[in-house]
Every structure is written in structure tokens, then in C-alpha cells.
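Visitor: I'm new to this one. Could you take me in for a close look at a single part, the place where the two chains meet?

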4 protein chains.
Amino acid sequence: MLSENYRWNQMIQFQCDYNEGCHPLILEALRKTNMEQTVGYGEDDYCEMARQAIRKAVGSDDVDVHFLVGGTQANTTVISSVLRPHQGVLAADTGHVSVHETGAIEHTGHKVLVLPSCNGKIDATQIKAAIDSHYAEDGPEHMVQPGMVYISFPTEVGSVYSKKELQDISSVCRHYGLPLFVDGARLGYGLCSQGCDVTMETLAQCCDVFYIGGTKVGALFGEAVVIVNNSLKRDFRYFIKQQGGMLAKGRLLGLQFLTLFTDNLYYSISRHAIDMAMLLKNGLQQLGVRFYAESPTNQQFVVLDNATLQRMEQDFVLSPWMRIDDKHTVVRICTSWATKEENVNKLLQAIKKN
Amino acid sequence: MLSENYRWNQMIQFQCDYNEGCHPLILEALRKTNMEQTVGYGEDDYCEMARQAIRKAVGSDDVDVHFLVGGTQANTTVISSVLRPHQGVLAADTGHVSVHETGAIEHTGHKVLVLPSCNGKIDATQIKAAIDSHYAEDGPEHMVQPGMVYISFPTEVGSVYSKKELQDISSVCRHYGLPLFVDGARLGYGLCSQGCDVTMETLAQCCDVFYIGGTKVGALFGEAVVIVNNSLKRDFRYFIKQQGGMLAKGRLLGLQFLTLFTDNLYYSISRHAIDMAMLLKNGLQQLGVRFYAESPTNQQFVVLDNATLQRMEQDFVLSPWMRIDDKHTVVRICTSWATKEENVNKLLQAIKKN
Amino acid sequence: MLSENYRWNQMIQFQCDYNEGCHPLILEALRKTNMEQTVGYGEDDYCEMARQAIRKAVGSDDVDVHFLVGGTQANTTVISSVLRPHQGVLAADTGHVSVHETGAIEHTGHKVLVLPSCNGKIDATQIKAAIDSHYAEDGPEHMVQPGMVYISFPTEVGSVYSKKELQDISSVCRHYGLPLFVDGARLGYGLCSQGCDVTMETLAQCCDVFYIGGTKVGALFGEAVVIVNNSLKRDFRYFIKQQGGMLAKGRLLGLQFLTLFTDNLYYSISRHAIDMAMLLKNGLQQLGVRFYAESPTNQQFVVLDNATLQRMEQDFVLSPWMRIDDKHTVVRICTSWATKEENVNKLLQAIKKN
Amino acid sequence: MLSENYRWNQMIQFQCDYNEGCHPLILEALRKTNMEQTVGYGEDDYCEMARQAIRKAVGSDDVDVHFLVGGTQANTTVISSVLRPHQGVLAADTGHVSVHETGAIEHTGHKVLVLPSCNGKIDATQIKAAIDSHYAEDGPEHMVQPGMVYISFPTEVGSVYSKKELQDISSVCRHYGLPLFVDGARLGYGLCSQGCDVTMETLAQCCDVFYIGGTKVGALFGEAVVIVNNSLKRDFRYFIKQQGGMLAKGRLLGLQFLTLFTDNLYYSISRHAIDMAMLLKNGLQQLGVRFYAESPTNQQFVVLDNATLQRMEQDFVLSPWMRIDDKHTVVRICTSWATKEENVNKLLQAIKKN
């Protein structure tokens with residue numbers, strides 16, 4: 001294993017957006033405060049200051065903010081805190097909770113009610129139809145009741161919802177009393193994508209609860225869960241603890257988010273990732289590379305013939321997504337806050353040599 | 001909230017062993033490697049090197065090592081991976097899983113079968129009796145079946161098991177086929193306590209699975225789960241992921257444990273905590289302070305009259321443990337790898353002034 | 001196994017209150033309606049008529065009534081429908097849910113928070129103290145939150161709560177917003193016991209939800225869950241179905257409870273059981289037999305020396321409850337709606353011969 | 001509600017196979033033994049005799065037999081006893097556990113991994129592909145591991161697997177070590193269908209565990225779970241109890257299955273249901289009615305125009321299955337052990353009048 005990994009260390013990695021450590025300013029903040037004594041479990045000053053900074057960023061003093069370590073934990077903690085035992089969560093068939101969390105939601109007793117997605121997204125009409133059809137059944141109590149809606153922003157395939165789409169989904173959810181939860185593991189990369197008309201404020205207006213991803217956007221780790229709906233706020237710290245998500249040295253999360261939400265760092269590093277993604281995308285388009293999905297964000301999905309892919313994998317770590325036929329593979333290429341322009345250029349050069 | 005915390009920041013904190021950040025060498029390791037690219041989810045070189053270092057420390061190449069973020073997560077992941085649905089875990093009534101994890105074990109479907117503890121410990125005889133009495137029932141299937149044993153080393157009240165006690169418990173467990181799990185959130189402080197005849201090797205010999213605590217012993221966060229019993233190794237990464245414990249940037253855990261297990265750092269910083277605890281203990285004894293429990297480790301439990309406690313709380317943060325009568329309170333005082341000798345002396349001075 | 005059981009069949013059984021089938025009137029109702037066609041899942045006329053009869057019996061038109069097959073199922077379905085994930089149910093340490101349901105409550109994710117019982121009962125003061133002490137903790141979110149209260153009427157050791165005791169418990173529960181649930185597996189035997197000042201109406205006034213036991217009181221099987229609190233009514237049929245408790249031929253339950261609640265059958269057969277229990281109790285007292293607990297209901301707990309017990313077990317099936325010393329055993333002796341007076345006399349005769 | 005039900009009572013019901021009570025011989029057995037005293041929880045003579053009768057019927061002395069009350073309970077108890085926490089059950093998208101049990105499987109923590117079905121069936125190739133594709137993933141631990149296979153015999157749409165199909169599925173399951181579980185809620189109707197080459201013995205050879213449905217085949221209620229695989233037998237009674245499925249008066253289940261498996265009653269009444277279904281099917285075919293699925297069993301799925309359906313619903317209760325266009329509906333028509341030939345003829349007459 002060591003030898004194989006050793007080779008990876010010589011390679012340029014584009015396979016995900018958590019290859020590096022953290023933004024240097026975060027490391028500096030950890031260093032400066034390292035020997036300070038603070039209380040634990042997120043009740044220290046840094047957490048409180050980070051909460052205030054996030055409240056300002058989302059444009060509301062009336063939201064609860066909690067810091068969790070990772071995305072699966074955030075999804076599971078939020079979803080299992082919202083649903084009653086007989087309810088499930090509506091989600092895209094490609095959603096992270098549907099596929100890539102080892103059944104963490106089911107482990108808490110709830111079914112993920114999947115809806116077919118289009119370019120990673122589901123829409124208000126589908127959600128409405130799913131709810132209506134549940135209650136139209138002769139004996140709805142024989143089936144899992146839709147209890148909330150989960151979407152990702154951006155989605156698993158890099159697409160983003162428009163403000164209009166979000167508002168429509170939100171309207172349906174409110175009409176039926178189903179909380180709307182937005183997984184923002186890559187939130188910055190969505191908000192800073194070209195043409196995006198959604199802002200933090202939009203999320204605070206449309207969602208009942210959402211989270212701001214840190215792990216993939218400059219932090220060592222950490223997600224900030226923002227609870228907008230008052231009825232979901234109560235006792236949330238119990239849920240965090242029960243799910244094993246209450247970090248003893250909570251200040252680590254506070255310090256990171258405080259840094260990310262000081263001087264717009266979260267946005268500026270997100271924009272860098274998007275700039276790198278667009279440099280890559282434009283370059284690939286000019287080289288005639290076929291795209292599998294239209295993505296304005298930091299994840300680009302391209303179709304490579306297997307020979308090219310194999311050649312590329314000498315020097316680059318990419319993320320094969322799926323085989324589409326015997327000769328071609330969809331490959332995910334990720335940029336991030338840490339991506340170096342020279343590496344994007346090297347990648348383009350390498351593809352060009354084809 | 002800010003103002004109250006602000007006062008705390010001026011105070012000297014002895015209420016727990018996670019008040020500070022991490023050992024400077026860990027911070028340095030994070031800094032040095034920050035912009036390196038690694039693969040995620042604990043499959044990087046640093047994790048692998050840390051695993052090797054731990055295998056060496058426990059004296060066995062044949063153990064699996066996994067890194068998790070925190071203690072509740074480690075306990076829940078291990079216990080729910082071992083038990084079948086109708087089984088529960090035998091534990092001291094004062095055990096962390098019994099009391100202080102918001103029912104995380106029950107949340108995974110399992111009862112904690114509590115045994116009365118003596119100075120925080122349970123013994124082989126009790127465990128044997130609990131198992132025997134289960135099967136002596138007319139219809140044992142109407143009750144939860146004991147499926148494993150959980151103990152803490154050191155315990156919640158700072159005591160440590162002797163090698164003989166551990167071996168006896170291990171014998172009973174093996175006789176009945178119940179895995180033995182040792183929660184080592186404060187493992188270093190137990191191993192380095194005066195008179196302790198237990199070593200890492202002892203644990204690897206007596207336990208089926210145990211963990212080496214990092215959060216409370218010099219790391220920013222992290223626990224290293226060591227699986228000794230082959231039958232418990234299979235698919236453990238699935239359980240980590242399902243419990244939300246698979247850190248994307250797994251290298252953070254690898255780097256920390258690699259640092260802790262280089263040049264015996266884990267032991268030297270643990271010894272410092274014990275030195276500070278003994279300085280405190282001896283000082284308090286000389287001052288005639290009454291002890292609630294006999295602890296050779298970093299947690300000392302003393303009985304203070306409420307007036308003294310109130311006065312102390314002007315300058316020190318302590319951890320009131322329980323009221324024993326109208327006028328007296330048991331107080332926990334913790335040292336750690338980070339405790340400064342001058343602060344221990346200040347504490348003793350302050351009590352003296354009484 | 002067959003041979004051992006065969007002997008039992010020759011013996012007179014006093015070990016429980018479900019040794020026989022059902023009251024003959026119930027069998028007759030099943031026979032008469034056997035080939036009628038009805039809709040399933042409890043939506044037939046018989047269920048509806050039984051609901052009406054029960055509403056009349058409890059003195060309220062405003063309660064929901066659901067029929068479930070058995071007691072463990074009823075307890076689990078009700079409790080898991082009421083609690084949120086971080087909550088547990090307060091119960092006597094001797095409570096059925098605490099001990100004799102193979103961790104069914106924990107299996108749904110919830111801790112049973114046990115309180116020490118006195119003659120099988122817990123009281124308002126204890127409940128209040130448990131809730132207060134939870135919130136008095138520094139970090140209550142590290143512990144399971146009390147979310148409801150469970151008591152049995154009569155209790156596991158045959159005692160009954162007085163009206164005053166029930167009202168006091170109810171007051172505390174309402175003050176703190178914790179639903180009160182009464183397990184009435186043997187409800188008839190409690191209500192018809194001597195000196196009992198509690199009625200069905202009392203239960204409907206004091207409880208948020210309770211159930212009327214059929215299995216042990218004349219039915220083949222079945223428990224009628226009565227939901228008083230409006231906020232607990234919603235979607236209850238989903239919970240029944242999810243717990244596997246929605247009987248396809250729901251009419252079997254409707255027919256049984258309709259029969260039991262026609263012409264006061266439920267009460268008259270309950271009174272017979274009490275008459276037999278008092279005949280037994282008085283007889284035993286005259287014989288100088290020592291009682292382990294004071295019970296006015298159909299379960300009597302006596303202390304027998306082991307020689308007597310062994311001799312009795314030649315002809316009678318009794319239920320050894322626990323050994324109290326090397327020479328004595330507590331034995332439970334149950335009467336029921338089906339107990340024959342001649343068998344009680346035979347039992348007394350047999351003890352007398354001692 | 002009463003008035004609406006009242007109308008139903010005048011109508012002829014074909015909407016399901018649990019409209020009536022039980023076969024008269026069962027009622028007679030209950031009557032005859034009603035006042036006998038037996039021990040509880042399935043440990044009485046009748047249960048034991050029924051077990052022996054079933055062992056004989058399946059051609060193996062080496063199977064464990066347990067009696068449960070209903071189908072959802074049987075499915076949940078078996079599946080949750082087999083799977084480890086990170087595993088899911090492979091099932092047809094139309095399977096009962098996938099759709100109609102209010103997420104009971106998810107409630108125990110496990111995902112139902114759905115496979116697209118063809119005429120209600122899944123095949124060995126699909127199962128193999130699903131398992132292979134799981135392990136072909138880069139990080140399989142991020143997904144739920146296939147842990148067992150569930151199929152229904154007959155399926156939800158009335159089709160039956162051939163012996164060859166079952167054997168192929170069994171081979172794949174054994175190759176990968178995944179237990180095969182067959183839901184036989186309507187087992188008799190499958191085994192007695194025309195052209196069926198599967199027998200009870202086949203099931204005992206191919207499955208690891210299956211159940212013999214009683215509720216829909218002549219009993220008041222009850223399913224007999226047959227465990228073939230030794231490794232699944234241990235502690236099963238704990239699971240029954242924990243799931244609330246251990247009937248106090250277990251003899252009710254024993255008596256029913258003993259009656260069903262005496263003098264081939266189970267088969268003769270199943271054949272009657274099939275005779276009635278074929279009478280219906282042939283009659284409808286002659287009338288030119290279109291069939292939605294090809295079913296040789298007691299459930300027939302026909303396409304009716306909405307006007308006909310509405311007219312039929314004056315006198316008959318049928319089960320609308322789904323709308324296929326604005327003018328047509330798929331309707332399920334069920335026969336059972338209790339179906340009267342005259343009612344089938346009335347139904348055919350009524351359709352003819354169209």
C-alpha cells in the first residue's frame with residue numbers, strides 16, 4: 001500500500017476537493033490560539049464569534065448555527081432530528097444520502113424516498129406529485145410518509161439550482177409542511193459559480209435548514225448547520241451528541257469558520273476554485289473533449305476514451321465516474337480552493353498530447 | 001454568552017483535559033504537510049505510517065487500526081459493529097456509554113446492561129454472574145442477551161485496572177465468547193500512572209478491541225481503534241462510514257497519531273500530566289483536603305465545602321461533580337499534557353488561603 | 001419436549017393468566033361471523049363498534065382507539081411513536097419495558113430511564129426529581145432527555161395506584177409536558193380489585209395514552225390502545241403498520257373487544273379473577289404462608305420453602321419468581337377470568353398437607 | 001364510516017384473500033381445546049406437533065420452525081436477524097418489503113436495495129450483477145453492502161418462480177454467501193398453481209429461510225417461519241420477542257398450523273382458490289377482458305374501462321391497482337380458500353352485462 005500511495009504523492013491530484021490540508025489563514029489561527037484554554041463542546045468564544053459571522057452572512061440574527069465535523073454526520077443528524085419514525089426523506093436518486101453514505105439515513109430508521117433526477121436536480125413538480133400520490137393511495141399508512149425534502153447545492157454532478165427553482169421547491173414544501181434541507185457540502189462553489197442567482201440569504205429564505213460546507217472549501221474539516229425554522233431548533237445539541245458529532249475541542253470548528261467568514265475568505269477561495277474550473281472547462285472544450293454534464297461549478301464531468309484515461313493516469317489522479325461503453329469512461333475532475341493554475345495547465349497539456 | 005466566556009478566558013482551567021489545542025509537534029506536522037496532496041478517507045501514507053507505529057507500540061502486526069474523530073463515535077461504532085440486535089453491552093453504571101453519550105448506544109438499538117461499580121470498576125465475578133443469571137432465567141429470550149463487555153481504562157473516576165483484574169475479566173469474556181472492549185479515551189494517563197502494571201501489550205493480549213485516545217492526550221482530536229480479534233475486523237470501514245466517522249481528510253488523524261507515536265511522545269506527555277496530578281494530589285493531601293476517590297491518574301476528585309468552592313471559582317474553572325450534602329461538593333480537577341506547573345501551584349496556593 | 005409438556009397438561013396451571021383460550025362468548029362471536037366478508041386492517045364494522053363501546057366505557061367520545069395484537073407490541077408502538085430520538089421513557093426498574101421485552105424499546109432507539117420502585121410503583125416525587133435533575137446538569141445534552149412516563153396498572157407485582165397517586169403523577173407529567181402512558185395489560189384485574197378507586201374514566205382523565213389488555217383478560221389476544229392526547233393521535237396507523245402490528249383480519253380484534261365491552265363482560269370476568277385471588281390469598285394467610293408483596297389483584301407473590309415448592313410442583317405449575325435465600329423462593333401464583341374455584345381449593349389443600 | 005362499511009357488507013368481496021375468518025376445521029380445533037391449560041409463548045404441545053407436521057411437509061427434520069402473527073412481522077424479524085448493520089436486502093422494486101410495509105425494514109436500520117422486476121420477479125443474473133457491481137466500486141464501504149436476497153413466492157403480481165429460476169438464484173446466493181429468504185405469504189396458492197414445479201421440499205433445498213403463509217391461506221392469522229440454514233437459527237426466539245411477535249397464547253398458532261398440515265388441508269384449500277381463480281380467468285378471457293399480467297395464482301390483474309369498473313363497484317368490492325390511462329384501470333381480483341363458486345359466476349355475469 002505504501003508504495004502505491006508513494007506514487008500518488010508524486011502525482012497531481014484532481015480527483016476530489018479535499019486533497020490538501022486547509023487554507024493557510026486557518027492554520028495560522030490554530031497556531032496562534034493553540035495554548036489558550038477554552039471550554040469545550042462548542043460553547044467557547046470562537047464558536048460564538050463564528051456563529052455571529054455566519055448569522056451576518058446569511059442575513060438573519062434569528063438562525064441557530066451548529067458546527068459538525070463532516071457531511072455524512074451533518075446529513076444524518078439533521079434528517080434524523082426532523083423526521084418522525086414513519087417518515088422518509090425525498091431526495092434525488094443521485095443524492096449523497098441516497099447512495100454514498102452506507103445507508104446512514106436508513107441506519108437511523110428512515111427510508112430515502114428517491115426521485116429520478118435530471119442533471120442531478122429534482123424539481124417542485126416532482127416533489128408535489130410524490131406527496132400527492134402518497135395521500136392518494138387507498139391505505140397510505142402502508143407506505144413511508146414523505147416527511148422532508150433533501151437537495152444538494154451544488155448537486156452531485158456539479159449543477160446548481162436557480163433562485164426560481166429553489167423558491168418553487170420551497171413553496172411546495174411549505175404548502176405541505178415538509179421541511180426543506182439543503183446539503184451545502186460544496187456551497188461556496190455553487191454560490192460563486194457563473195450565473196448563479198442564489199445567495200446565502202436566498203438559502204436562509206427558502207430552506208428550513210441547510211449547511212455550509214467547510215471540509216471541501218478551505219477548512220481542515222467542518223460543516224456549519226444553519227437552522228432557520230424555529231420548530232427544528234429545539235434540543236439540536238442532543239442530536240449532535242447522540243450522533244457522535246459533538247467535538248470536545250469545539251473551538252477548532254469555531255476558529256475555522258470564523259476565519260472563513262472573516263474578510264469574505266469563504267467567497268474568495270470559492271471563486272478561485274471556480275476560476276480554475278472554468279480555465280479547465282474552456283481548455284477542454286477547445287480541445288474538443290466531450291462533457292457528460294453541464295456544470296458551472298468546481299466539478300467537471302468529461303468523457304475520455306479509455307486509452308487517454310490510462311495515459312493521463314500516469315501523472316494525474318482523476319476520478320473515474322462510470323463506464324459508458326466499452327471504450328469510454330466518464331471522469332470527474334475537481335478543482336478546489338487549493339488548485340494551482342500551473343497544474344490545470346499541465347492537465348490541459350497532457351490531454352492535448354493525445 | 002460572550003461576556004461570561006470572556007471571564008473564563010482570564011481564568012485558569014482545570015475542569016477537563018481538552019482545554020488547549022494540541023501538542024506543538026502536531027501543529028508543526030500539520031503545517032509542514034499542509035499543501036501536500038493526499039488521497040482521502042484514511043488511505044493515505046500518513047495513516048498507514050501511523051498504523052505501523054501503533055502496531056509496533058501494541059506489539060502485534062496482526063491488529064487492524066482505524067482512526068476516528070471522537071470518543072462517543074468510537075464507542076458507538078465499535079459496540080454497534082459487535083452486537084447482534086438482541087444483545088446488549090455490559091458496562092459499569094458509571095461508564096461513559098451508560099451515562100454521558102445521550103443514549104448513543106441505545107440509538108443504535110442496544111441496551112446498556114449496567115453493573116454496579118466500585119471505584120469506577122467492575123470485576124470478572126460480576127460479569128460472570130450477570131451472564132450466568134441471564135441463562136438461568138426460565139425464558140432468557142424475554143431479556144436482552146449480554147453480548148460484549150465494555151470497560152474504561154482509566155475509568156470515569158480515574159482509577160485503573162490492574163493487569164490481574166484485566167486478565168480475569170478477559171478470561172471470563174473468552175469463556176463465554178463475549179468480546180471485551182476497552183475505552184481508552186485517557187489511555188496514556190492510565191498507562192503512565194504510578195504502580196500501573198498494564199501496558200499497550202497487555203491490552204492487545206486481553207482485549208478484543210480497544211482504542212487509544214488522542215483528543216485528551218495531546219491531539220487536536222482523534223481516537224485510534226485497535227481491533228485484535230479477527231472476527232471483528234471484517235467490514236469495519238463500512239461501520240465507520242455509516243456512523244459518520246470517516247473523515248474526508250483522514251490524513252489529519254494519521255499525522256496526529258504518527259506524531260504521538262514517534263519518539264514516545266504519547267508516553268512522555270502522559271507522564272507530564274501524571275506528574276502534575278501527583279503534584280496536585282500531594283499538595284492537596286498536605287492541605288488536608290478530603291478525596292472522594294483514590295485516583296492515580298490525571299483526574300482527582302476532592303470534596304470541597306461550598307464556600308471554598310465558590311471562592312475558588314473566582315479564578316479557576318473546576319468541574320463540580322456532585323453535591324454530597326448541603327455544604328459539600330465533589331469537584332473534579334483535571335490535569336493534562338498541557339498543564340503548567342505554575343498553575344498547579346497557583347491552585348494549591350488558592351486552596352491554602354482558605 | 002413433548003413428554004415434558006404432556007405432564008404439564010395433566011397439571012393444574014397457576015403460573016400465568018394466559019393458560020386458557022378465550023371466554024366462550026368470544027369464541028361464539030368468532031364462530032357466528034366466521035364466513036362474513038369484511039374489509040381488512042381494522043376498518044371493518046366490528047372494529048368500529050368496538051371502538052364506540054370503548055369510548056363509552058372510558059367516558060369520552062374524543063379518544064382514538066386502536067387494536068394491537070400483544071403487549072410488547074403495544075408498548076413499543078406507543079413509546080416509539082411518542083419519543084423523539086434523544087428522549088427516553090421513565091419507568092420503574094421492575095417495569096415490563098425495563099426488563100421483559102428483550103430490549104424492544106432500545107431496539108427502536110430509546111433508553112428506558114429506570115427509577116427505583118416501591119412495591120412495583122413509582123411516584124410523582126421521583127418523576128419530578130428525575131426531570132429536575134436532568135435539567136440541573138451542566139450539559140444536559142450529554143444525557144438522554146426524559147420524554148415520557150410509563151407505568152403499569154396493575155404493576156408487575158400486582159399492586160395498584162390509587163386515584164390520588166395517578167393524579168399526582170399526571171400533574172407532574174403535564175407540568176413538564178411529558179406524556180403519561182399506562183400499560184394496562186391486566187387493566188381489568190386492577191380496576192376490579194378491592195379498594196381500587198380508579199376507573200376507566202380516571203385513566204382517560206390522567207393519561208395521555210393507555211391500553212386495555214385483552215390477552216390476559218378473556219380474549220384470545222389483543223390490546224386496545226386508547227389515545228387521549230390529541231397531539232399523539234396523528235398518523236398512529238403508520239406506526240402500527242411499521243411495527244408489524246396491523247392485523248390483516250382486524251375484525252378478530254374488533255369482535256373480541258366488542259364482546260368484552262358488551263354487557264360489562266370485561267368487568268364481570270375480571271371480578272371473577274379477583275374473587276379467586278382473594279379466596280387464594282385468604283386461604284394462604286390462614287395457612288400462615290408468608291407474602292412477598294401486598295397485592296389486591298390476580299397475581300399473588302408468596303414465599304415458599306424449597307421443599308414445599310418442589311412438592312407442589314408435582315401437581316401444579318407455579319411461577320418461581322426469585323430465590324431469596326438458599327431455602328426459600330418467591331413464587332407467583334396467578335388467577336384469571338378462567339380460574340376454577342375447585343382448582344384454588346386443590347391448591348390450598350396441597351399447601352396445607354405440608 | 002359505519003354506513004359505508006354497511007354497504008360493503010352487502011357486497012361480494014374479491015379485493016383480497018383475507019376477507020373471511022378461517023377454515024371451519026380451525027375454528028373447531030380452537031373450540032375443542034379452548035379451556036385446556038397450556039404453557040405460553042409457543043412452547044406448548046400444539047406448537048410442537050405443528051412443527052413436526054411442517055418438518056414432514058418440507059421433508060427435513062433439520063429445520064427450525066417458528067410461528068409469527070403476520071407477514072410484515074415475519075419479514076422484519078427474519079431480515080433484521082440476518083443482516084449486519086451495514087448491509088441491505090436485495091429485493092424486487094415491487095416487493096412487499098420495498099413498498100407496502102411502511103419502511104419496517106428501514107426502521108430496523110437496513111436499506112432495501114431494489115432491483116427492477118419483470119412480472120414481479122428478479123433473476124439470478126440481476127442479483128449477481130448487483131453484488132459484483134458493489135465490490136467493483138472504488139470505495140464499496142461508502143455504499144450499503146448487499147447482505148441477503150428477498151423474493152416472494154408467489155410474487156406481488158401473482159407470478160411464480162420456476163424450480164430452475166429458484167435454483168439459479170440459490171446458486172448465486174450461495175456462491176456469495178448471501179442468505180436467500182422467500183416470503184410465502186401466499187405460498188399455498190403458488191405451490192398449487194398450474195404448471196408449478198416447485199414444492200415445499202424445493203424451498204427447503206433452495207432457501208436459507210422462508211415462511212409458510214397462514215393468514216391468507218385458511219388461518220385466522222399466522223405465518224410459519226422455517227429456518228433451514230443452521231447459522232441463522234441461533235437465538236431466533238429473542239428476535240421474535242424483541243419485534244413484539246411472541247404471542248402469549250402461542251398455542252393459537254400451533255393449533256392453526258397443526259390443522260392446516262393435517263390431511264393436506266393446506267393444499268386442498270389452496271387448490272380450491274386456484275380452481276376459482278382459473279374459473280374466473282377463463283371466464284374473463286372468454287369475455288375478451290384484457291389481462292395486465294399473466295398470473296397462474298389466486299390474484300388476477302385485469303384492465304377494466306372506468307365505466308365498467310364503476311358499474312361493477314355497485315355490487316362487488318375489487319381492488320383498483322393503478323390507472324394506466326384516463327379511461328382504464330388495472331384491477332386486482334383475488335380468490336381464496338373461502339371463495340364461493342356462485343360468487344365467481346356472479347362476477348362473470350356482471351362483467352358480461354357490460
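**Where the chains meet**

Guide: Sure, let's go straight there. In the contact between the chains, 50 residues of chain B touch 50 residues of chain A. Keep in mind that this is a predicted model. On the chain B side, the elements that each bring two or more residues to the contact with chain A are helices: H1 (2-10), H2 (24-32), H3 (45-58), H4 (71-82), H6 (104-107) and H11 (236-242) of chain B. H1(B) gives the most, with five residues on the side that touches chain A. Sort the residues of that side of chain B by character and you get 20 nonpolar, 22 polar and eight charged.

Now step across into chain A, which has a contact of its own inside. The domain assignment splits chain A into domain 1 (2-20 + 266-352) and domain 2 (24-262). The centres of these two domains of chain A, taken over C-alpha atoms, are 27 Å apart. Where they touch, 20 residues of domain 1 of chain A are in contact with 21 residues of domain 2 of chain A. On the domain 1 side, helix H13 (265-286) and strand E10 (299-305) of chain A each supply at least two residues. H13(A) has the largest share of that side, seven residues. By character, the residues on the domain 1 side of this contact in chain A divide into ten nonpolar, seven polar and three charged.

Definitions and conventions:
Residues numbered from 1 in each chain as written. Chains lettered and ligands numbered in written order. Predicted model: local features only at pLDDT ≥ 70, side-chain atom pairs only at ≥ 80, totals over all residues. Domains from an automatic or database assignment. Contact = placed C-beta atoms within 7 Å. Helix = DSSP H or I, 4+ residues; strand = E, 2+ residues; numbered from the N terminus. Nonpolar A, V, L, I, M, F, W, Y, C, P; charged D, E, K, R; others polar.
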